[in-house]
Each structure stands twice: as C-alpha cells, then as structure tokens.
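Trainee: I'd like a close look at one part of this assembly, and then how that part sits among everything around it. Could you walk me through it in one go?

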Amino acid sequence: MEKKITKQDIERVASIARLSPSTEELDGLTADANAILEYFSLIDEIPDSETPQTYVLSHDNALRPDEEKKTDPKGIRRGFSREQDGYMLAPKSF
Amino acid sequence: MDSSELTVMIGLEIHVQLATKSKLFCSCNTDYQTAAGPNENVCPTCTAQPGTKPFDMNAYAFEQALRIALALGCDRMRDSVTMQRKHYFYPDLPANYQRTSTPIAEGGSLAGVSITEVHIEEDPGRYDLKTGIVDYNRAGVPLLEIVTDPVITSPDHARKFLEELRAILDYLGAARDVESGSMRADANLSITGHNRVEVKNINSFHGVFSALTYETSRQKNMVKNGLEPERETRHFDEDRDITLGLRKKESVDDYRYIPDPDVQPIAITKEQLNRINASLPELPRKKMERFRGQYGASDDEAHALCMELAMADAFERVAKKVDPKLAAGFMRGTLKKQLNFRSWNFAKVAQKEQFIIDTLLLLSERKVTDKVAEKILIDAMDGKAGQKTASQYAESAGLIGVQKSGELAEIIEKAIAENAKAVLDYDAGAAKALQFLAGRVMAMTKGRADPTTVQELLKKRLSK
Amino acid sequence: MEILPKTLSTTNAIRSGKLTASANLEQKIAAVEKHDSAVRAFIEKYYDDARKSAAQVDAKITAEKPVGRLAGLVVAVKNVIAVKDRRLTCASRMLENYLSPYDAAVVEKLRAQDAIIIGSLNCDEFACGSDNTKSAFFPTVNPVSFFDEKGEITNANASEKYVPGGSSGASAAAVAADFCDLALATDTGGSIRCPAAFCGVTGFKPTYGTVSRYGMADMAMSFEQIGPMAPDAYGCALLLSVISGKDYRDSTTSKTVATKAPDASFAASANNAKIRIGVPKEFFEGADPKVAKAVKDAMARFASKTGCELVPISIPAVRFGIPAYYLLVYSEFASAMQKYDGLKYGAKPEANEELVPTVSKVRTANIGKECKRRIMLGTYITTKEHKDAWYTKALKARAYVRAQFDDALAKCDFIIGPTMPNLAWKIGEKAADPLQSYLEDVLTVPANLCGLPAGSVPCARIGKLPVGLQVIGKRGSDYETISLMAQIESSLVG
C-alpha cells in the first residue's frame, strides 16, 4: 500500500459521510483503515488490463410502459421526523 | 481597464422535464404542479424508503431523450447508457444521491452554440432553504440535461439559444409545457482569463437572462477593479435578480460517482435511432428556410412564425386561403404583438384559426382597414366575439368598411358641406386641405372607410 | 421406509387435514415462548395476525377450496425485509421504531401462497456481520449451544454460547429451534449459508437476479439475494419457487422466471454418474482440518452412492475474494446508507439545529460501529483521489475472480467444499478484530462476487457443532443445485 492513512484523512472522510467520531473513535478507525487496506492491497497483483466489472448479469433493456399508479402517501408521511401541513420539515439552510 | 474589452464565456446546463405520465423509476404521477397537496404523488421508491429499488426505467422517457438528442443534431450517440449515483446530502434528495446517466449523445449545436452532451436524470424534490419545508412530489420526475460548451458570448446570445431550444422542444412535444417553470438551468461564467463561477437555482427562461446579466456585470466590475472573482458556486435569488455566494460547507466538489448497481445499462440500437430519426418532424430551422422559399416570408417573419409549431402549422393553412405575404405580415405583426402583450402562446388562440382567416380575407378585400382588423382580433381575444365569425362580429360592431360608394359619397358631401373653408383652401392649391377633409370623412365613418378610397373619391368630387 | 424431508411431511399433513394450520402455528408459538428467551431470535412477534391467517387457511382447507403452495407453513422473516406496517429495524437504532409502509415483493408472494408469517428475526445490524453479534439490540445464540444428543433444546442455561453465524443468524436459529417451518433471509457474502452451516440447517442463496430485492434493505446491491432457509433442501426449493421470478420493481430480475416447485421425487437421483463435481484445493487449504475431513468424508460417501465424479481443481483467484468483496461492499454500502439522515424516517434528530450538524449527529448516534466503519472505508475508497487504486481495482479483481470460476464451472457441473473454514465460535470471541471476522467469509464470498447459486447442507457434527457442506452451481441452475443438495442430504441418512 502506497501511503498510510492519516487521522486527517479519516476526519475528512467522516465529514463527507456526515459522521462525527469522537477522538478515541478516530484513532481506532484510523488504525482499522490502515490494517484492513494494508491487507486488501493484495489486489495490486490483479493485472490493470482486466476490465472493471460492476454488473453481474447481461440484460435486455429493462424498460416499463409509462403508466401511472397511485400510492397512499399516509404510510410515507408517518415516518417524517417533523411535518407541517403535509410538508416534511427539515432544518433551514439560510 | 475598459470593461467593454472584457469578453465573457458562458456555458449552460439546462434541465428539461420530459413529458411523461409517470416518474423515471416509479409509477407516481409527474404532474406535481396540479397535485392535491405536498407529498401526494409519492411512493416508497421515490421517497427512498428502506428496501426500495428503482423500477424498470420509464421507456417513454428514454425514447423522448433520444428524440431530443437527435433533434439537437447530436451525431455521436453512445452504445449504451449507465445510471450513476451522484452523492451529496441535501433534503430534497430522498436517498442523498441523485441518479444521473452517462452521456446519451454528444455533438450537436443550436443557435451557434455547440452542445457537449445530453443525459437523463431524476429531478430532486423541492426544499425551501428559508422555511425548511420539503415536498417530494417532484422527486423522480425524468429530466433531460443538455450541457453546452462554454461558448455562449452574452446573456442575449443565451436567450436566443434558449428560444430555439424551446421551439425544438415544442415541435417534439417531448417536454412538459416549458412556460410553467419546467425548465431550469445552471450556468457557468468566466471572464476570459479569469476564474470560472457556477450559478445555480435558475428556474425560468427569464431568470437565465437576469442571472447572466447580473453575474457578467459583477465579474466584469471585479476584474475592472483588479480583483479576481472567486472560483465558487453562487445561488441565483429570483426575487431580487441577484446571485449570492453559498456557504463553503454546502458546496460539494466530489460526488463519488459510482455506477448504480440497481439499474442495468440500457443499450441504444441503430434500429431505434433510425426509427426515431425517420419520425422526427420538420424542425424549426428547416421550416424557416422553407417558409422563406415557399411563401416569400422575410427572415424576421419566418423566425416569428416558426418558433411555435402550432403557429407555423396554422400559418400554412391560412396561407392556402389568403395571400401568404399578407398572412405572414399580419401574424408576425399584429397577431404576435397581441400574443406577447398577453404573454400567451399561439396555442391559446389556435381555436380561432378560422376567425383569423376570415379577418385576413376582410383585410385583403379591403372591407376593413389594418386598424379595424387589429381591433377585431383584440376583441376576439378578449372574448367579445363569442361564436360569431369575423364578418358577423365586424358587422354587429359596426366596424365593417363602408362598402357602398353611395354611403361614402353621402358622407363626402356632408364633409364638404361642413368644411367650406377647407374646400376653398384646396381649390386654392393647398394640398393639406385634402388631408384635412379626408380626416373629417374618416372620423365620420368611424375609421371604417378605406383611406385610399376616401382620398380618390374626394379628389374626384373636388375636381368637379 | 423412505424418510420424508421434514418440510414435505409437514406440508402433506396440513394439506391432508391431519394437522391444522392453527395447530402447526401453536406448536411453533409454544416453542418460541419456551426457548426464545435463551435463543433470542425474534425482534417482533406477529401472533395475532398469524393466528388470523392460520384460521383462514384452515377454513379454506375445510371447505375444500384451493390453497397456496405454502399453505399453513409458518415462516419467519429476517428484519431487513419489509413487512407492511411492521417495524423494519434492520437490527439498528436508526430504524428501531420505523414502520415499513409497504410489503417486500417476497412478502406479497408469501401471503399469496397462504404462508403464516409469525414474526421478524434478528440479524447483524444492516446485515454487516458474520455472527449476529452486531445487532444493536442483542445477540442471538446458536440453539446447538442448548441441544442434547437428540437435537432438542434441553439445556437452556448452557454456559458455552455459540454464535449462530451471520448475518442471518437468527433466521437459521429459528429454523433449528423449530420456531418456524421456513425462514426468509438474505445473503450478501454468505449471510444465509454461514448461519445454515453453524446451526445445522439448510440455506440457499439464489443466482443473482432470481429473487426480487424490492423490499430488502440494501447492504451491497450487486451482491445480494433474498433466499430460503429450511430444515431441508425440499423446504428451500419450495420457498424459492414461491419467491423467485421477474418483478418490474427490481430491474435486475428482468430476465428471470420463477423456479419450479419441487415435486415428491425432488430428491430422487438424476443420472448422477454423469455429474462432475469440482473440488477446489483452495477451499480446503485454510480450513480447520476437522472441518475439511468431515466435508471430504461426506462427499466421498455421496460419490460412492451415486457414482458421480469428483474432480480435483484449482481456483487460485480464491485468495482475491475477500479483498474484492469487501472493497466493493464498502463502496455500495456507503452509498446505500446515505439515505439515513433522520429527516424522512428513522431516529429523530434534535430540533432547531443547522442542517449539517443535525444530520451528522443523528447518523453518528444511531448507526453501529461496524456499519460506520464500512461507511467510512466505502466513502474513502470512492473519493476521486483513491477511486482508481481501490474501487476500480476491486472491480477488476471481481472480473478476474469471476473468469476463473466461470472456467471451473465450464469443466464441472458443480463445485463443492466446506461452507465455512471453521466451526462456530463463541459469542464475543471475534469481537476485537474486524479483519478476523472478514476472513471467515473466504469460502462464501465467491458465489456473491460471481452471482452464482450456492447453498449449504449440514453434513456432519463435531461435538455439538454442525459442519456445513457448500454446493455452488452454474448461473441459473438453482433448481438443479438445490436438487443436488437434497441428494446429498439423502445420502447422509442411513
């Protein structure tokens, strides 16, 4: 593995992922990340000429007709953390 | 430094809502503007409830995307299209990632603006930053994103580009009514040699012009004063027509794109492209060219007539019944003026096509003057004509031209009798007196008489 | 006398009227009430609804009306699969009180076939784990910890508590403890097969794209499938025939048809002499020698009884399985977990906070340690700077592993080996080092990387602890693979 992962790297990643680990947790996460990725750097042996594969199956185009179906929204609205006149209420940004 | 020497380079990313009944990856209704209320047209999938997956993609949405790409002249179509996940946290994004595709097609150009690529994506919901309210009715509506090269040279150039784009979308019927805020844009601008700035949250055609005007001005002023515009993302405030800087925390520079494992790539076949190409209608540019050749329309007339398909088609039917040049002039001039004044598109008067033909016939037979023709049209657009034909309405409103020379001759006698001094002046050689008398006659006929005819008859009578 | 698989005898008894659906249900409920305080499999019990369903099935049978293929069979559902208006916790604080607004496609199908849904089962949080100790609520205990020689729970106070495997530990435990006839679970990297092996039951992961994932909370979307767990291969085949098939709400099922329902001759031998079964040396190299021997003995017995050919093969790419698997799982999991911000559903954030800290706080407080670790790593390896070296490289590794397995399955009809390299460990034994846990998945992840059908049948017991034998088949050969599992099962009896 080229470079060790630093605590700053982990802090930055945590922020992107909307997680705020404590200082102790940060230490643990940094150690884990290094140990795990060190072991996984085994994949460096795979030739670069290999084609990346995301999709497991080959498919005919999965397309559906443009038809409308109504769903009762009650079950969805009941999950909202805060609600106001049918709107979901999130924190303001301004 | 003279700011007029500074050149600006503008690129646009235009988001067009495709005219489908259901959303891209679920079966919810897409008509969020007429929904019964907020969070009505929602289902587990478009609100990203745990466990949900995107449905098979909306076939009609994909087809319309291809049609638009081909109509824009994109000549480099991809073999297949893959959905990607674009990750960022924001309340209007149910899964905190947006599904957006790899390019469908590249190349193409419009109004002198080259197009980088077009792709398909999901619309987010609506989140109001000031109040915090969120509505997911719009989440998942299919969007086509059209990305231009940064070659637009001014806000006006942008306006021309968008006007032509709107015409193409109108011709294809592939996009939702573009008038009603279903087109949004992000812009990027830079003064040549300086940092590029992005502007987001432009939600209308008019907004594009305002945002670009403000931002061009802002950047030019900074550069003129030796300041470097910051490389940032700004937010367009539609109420105040200004752009504002966003807080750093909220701008994202790495979306961590990955192919969406839940959506299999969609292949684009030659057969499909050929079929779509063959079924494309005659597009605005070609129609304008044809109108110039076939009907002798001027550049200006052809452009005005062809910006809306309903109007172009109506013109062609009208031009079978009346003189094409008369029709072109009238529709480009009088009719368009009245439509613009009311902020209507032609589709709103499409039912009155026969009325327009009749009015033009009256005009060509000199039974009404230009002014009267305009008045008849205005009254009809205001709903005053009811079910009447143009002739019936004109007669009933006493607007029909003075037909019988007898009636006109009577009025001329009356005018001469009442204006003896003018007659004497005319006899003495004052040509202006004729105009005065003609004016009196016109007043007495309430403008219904044809001015040329009045002058001729007056001259004849006065020379006796 | 032929010994029928337990599931077949139960369903026969119900359909013939010898056993009412209600009586069957009450038996299961009694077992739950007696032993679940020790096993701790259930998150929520649906006794009232279950009793209503059972009564309806009984009424239909009495009136000689047609009933579904699962009529009267009691099914429990891993709590990552949506059941309408029931808590879908995913064993996480984040969703502790979240009620699903919809039924998963597979649950719709259970209902349509008259299954009796008894309740929801514990698991590792968001399916992240191999031993069911990572549930945010409580660990499930392997029922074999309490078994006597007859395989019945008698010593509920046993001090040695073994893990049931994971992440669908409770699903296997529930089947092993007779809390249900069948269980519906999920398998992303072995999460059905591992607990099946550890608890001594049968479990099957279908070919990728065979069963609709609509309603299954995501762990890693391109790896996982919902699959059946049962006391026998027959039960797995029966349940699979109900849940499989194309669903327009999961576009990865677009080319699928439902598998055949097993008939009575399901376990009868096909022309076994012609079957070639590959035995990869890499599957045995790192395994506990006792486990390796037990599996080899079972296979030898089977081969001698049926005449099939055991072919030694080598698949060196096996060593890349764990890195390829976990790197891609981290990436897909991090993406899947973005949706949990406390705004639309789930744990409630504190009011009147700014947007960004609100979301961070609710995620940090309510997502467990292993899940957070995976989110962090997944986020890290998909950032622009690191994507090529890790994410893209892992996609290449996936292709590399797949190519070798496809080669092997071109030369053989099936691949066989131990399901797990080790026997079940004790609860808490592998808590410290995540990597240690990951390495236990070495034999199960290849089937997920490659989308291959794979199942586990119990083949031996070492002391208290069961040993699982894994069968991997060609893509799309689900029925044949479970059929082979049934034959292996038969060959081990008597």
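Mentor: Let's start with helix 8 of chain B and the residues it hides: B:Ala327, B:Ala328, B:Phe330, B:Met331, B:Thr334, B:Leu335, B:Gln338, B:Leu339 and B:Arg342 are buried there. Keep in mind that this is a predicted model. The cover over those buried residues includes helix 6 (299-306), helix 7 (309-321), helix 9 (353-364) and helix 10 (370-381), which belong to chain B as well.

Now the helix itself. Helix 8 of chain B runs over residues 324-342, and at 1.5 Å a residue its 19 residues should span 27 Å. The C-alpha atoms at its ends lie 25 Å apart, so the expectation and the model agree. That said, helix 8 of chain B has a kink of about 35 degrees, with B:Lys336 at the centre. Just past the end of the helix, B:Ser343 has a positive phi of about 50 degrees.

Right after the kink centre in your numbering, have a look at B:Lys337. Its side chain makes a salt bridge with that of B:Glu374, at 3.0 Å from N to O. B:Lys337 sits in helix 8 of chain B and B:Glu374 in helix 10 of chain B, so to speak a link between distant parts of the chain, 37 residues apart. The two ends of the bridge differ in how much they show: B:Lys337 has a relative accessible area of 49%, which makes it partly exposed, while B:Glu374 is at 17% and therefore counts as buried, the cut-off being under 20%. Side chains of opposite charge can pair like this when their charged atoms come close.

That bridge has plenty of company, with 72 salt bridges counted over all chains. Over in chain C, the side chains of C:Glu96 and C:Arg93 pair up at 3.0 Å, N to O. C:Glu96 is partly exposed at 25% relative accessibility, and C:Arg93 is partly exposed too, at 36%.

Another one in chain C joins the side chains of C:Asp250 and C:Arg213, at 3.5 Å from N to O. C:Asp250 is in the loop between helix 7 (233-243) and strand 7 (276-280) of chain C, and C:Arg213 is in the loop between strand 5 (202-205) and strand 6 (225-230) of chain C, so the bridge ties together parts 37 residues apart in sequence. C:Asp250 and C:Arg213 are both buried. They also belong to one network of salt bridges with shared partners, along with B:Arg85, B:Arg99, B:Glu122, B:Asp260 and B:Asp262.

While you're in the loop between strand 5 and strand 6 of chain C, find C:Ala217. It counts as buried, at 6% relative accessibility. Beyond its neighbours within four places in sequence, C:Ala217 is in contact with B:Gly51, C:Val80, C:Cys90 and C:Glu224.

That takes us to where chain B and chain C touch. Here 36 residues of chain B are in contact with 43 residues of chain C. The two chains bury about 3200 Å² between them, with 54% of it on carbon and sulfur atoms. On the chain B side, B:Pro50, B:Lys53 and B:Arg256 lose the most area to chain C, together 20% of what that side buries. Three salt bridges are counted between chain B and chain C. For instance, B:Asp56 forms a salt bridge with C:Lys246, with 3.6 Å between the closest N and O atoms. There are also 21 residue pairs in polar contact between chain B and chain C. Strand 5 (83-87) and strand 17 (258-259) of chain B each supply at least two residues of the side that touches chain C.

Chain C meets chain A as well. About 5300 Å² is buried between chain A and chain C, and carbon and sulfur atoms give 67% of that. Six salt bridges are found across the interface of chain A and chain C. A:Arg12 forms a salt bridge with C:Glu385, the closest N and O atoms being 3.4 Å apart. Polar contacts between chain A and chain C come to 18 residue pairs. Helix 1 (7-16), helix 2 (23-40) and helix 3 (74-77) of chain A each supply at least two residues of the side of chain A that touches chain C, and helix 2 of chain A gives the most to that side, with eight residues.

Key. Residues numbered from 1 in each chain as written. Chains lettered and ligands numbered in written order. Predicted model: local features only at pLDDT ≥ 70, side-chain atom pairs only at ≥ 80, totals over all residues. Heavy atoms only, no water. Helix = DSSP H or I, 4+ residues; strand = E, 2+ residues; numbered from the N terminus. Expected span 1.5 Å × (residues − 1). Bend = angle between axes of the 7 residues up to and from the residue. Buried < 20%, exposed > 50% of the residue type's maximum accessible area, 1.4 Å probe, protein only. Contact = heavy atoms within 4.5 Å. Salt bridge = Lys/Arg side-chain N within 4 Å of Asp/Glu carboxyl O. Buried area = accessible area lost by both parts, 1.4 Å probe. Polar contact = N/O pair within 3.5 Å; in protein donor to acceptor, adjacent residues only side chain to side chain.
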